[in-house]
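Trainee: I'm new to this structure. Could you take me through one part of it closely, starting from the core and following one helix outward?

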Amino acid sequence: MEKIRCGWCEKDDLYRKYHDEEWGKPVYDDETIFEFLILESFQAGLSWYTILSKRENFRTAFDHFDYRKMAAYSDIKIEELMNNAGIIRNRLKILSAITNAQKFMEVQTEFGSFSKYIWGFIGGKPVDNKPKALSEVPATTEISDAISKDLKKRGFKFVGSTVVYAHMQATGMVNDHIESCFVRK
């Protein structure tokens with residue numbers, strides 16, 4: 001029997017695997033939350049598929065998203081990243097990844113973990129939207145607006161409300177699997 005999935009992921013096996021195994025599943029560890037924060041910030045203005053297809057390259061280039069290492073990247077490392085054809089070579093996004101690593105650690109210090117901070121916006125439990133169709137899935141919400149505003153106030157970059165909402169979906173803060181999707185069951 002054919003599995004019913006959310007329509008956006010039927011492009012190929014890479015997308016289906018991501019949808020089936022990761023998207024919308026609650027993530028509470030800071031390392032994975034940070035990885036998605038960086039990947040989503042690189043997605044700004046691009047498709048998620050573009051980022052997902054380069055994910056392993058990003059992992060290698062950015063020291064497996066070790067925010068401690070990333071926070072201390074030198075000009076030499078920045079130039080190395082700018083010359084890496086396997087990632088998105090946008091200087092502003094690369095510099096923002098470094099800034100975001102630094103700010104991420106500041107939030108950890110203040111809250112004990114970044115997870116406590118970000119999940120605190122929704123009381124620590126996923127929001128289940130139960131959309132019947134993809135057309136019912138929003139690009140932003142009041143919560144993503146509030147998180148985006150707070151992140152920007154803290155100095156984070158490339159964290160507009162759309163990026164934040166995509167991050168919330170990726171890390172399972174919201175469940176936007178359509179009602180007929182097998183993952184929901």
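**The core and helix α2**

Mentor: In this predicted model, the largest nonpolar core has 54 residues, and F42, F58, F62, M70 and F114 touch the most other members. Such a core is a set of buried Ala, Val, Leu, Ile, Met, Phe, Trp, Tyr and Cys residues joined through side-chain atoms within 4.5 Å; buried means under 20% relative accessible area with a 1.4 Å probe, protein chains only. Helix α2, residues 30-43, gives the most to this core, with seven residues. Helices here are DSSP runs (H or I, at least four residues), numbered from the N terminus.

A word on the ground rules: residues are numbered from 1 along each chain as its sequence is written. The model is predicted, so local features need pLDDT of at least 70 and side-chain atom pairs count only at pLDDT 80 or more, while totals for chains, interfaces and linings use all residues, and side-chain values use heavy atoms, without hydrogens and water.

Now follow α2 to helix α7 (residues 91-111): the two pack at an angle of about 150°, with their axes 10 Å apart. That makes α2 roughly antiparallel to α7, a label for angles over 145 degrees. Axes are lines fitted to C-alpha atoms over the stretch in contact, and angles run from 0 to 180 degrees between N-to-C directions. Among the α2 residues that meet α7 are F34, I38 and F42, with contact meaning heavy atoms within 4.5 Å.

Helix α10 (residues 161-170) also packs on α2: their axes come within 9 Å and cross at roughly 140°. α2 and α10 are therefore oblique to each other. On the α2 side, this contact includes I33, F36 and L37.

Conventions
Buried means under 20% relative accessible area, exposed over 50%, partly exposed in between (1.4 Å probe, protein chains only). Angles under 35 degrees count as roughly parallel, over 145 as roughly antiparallel, 65 to 115 as roughly perpendicular and the rest as oblique.
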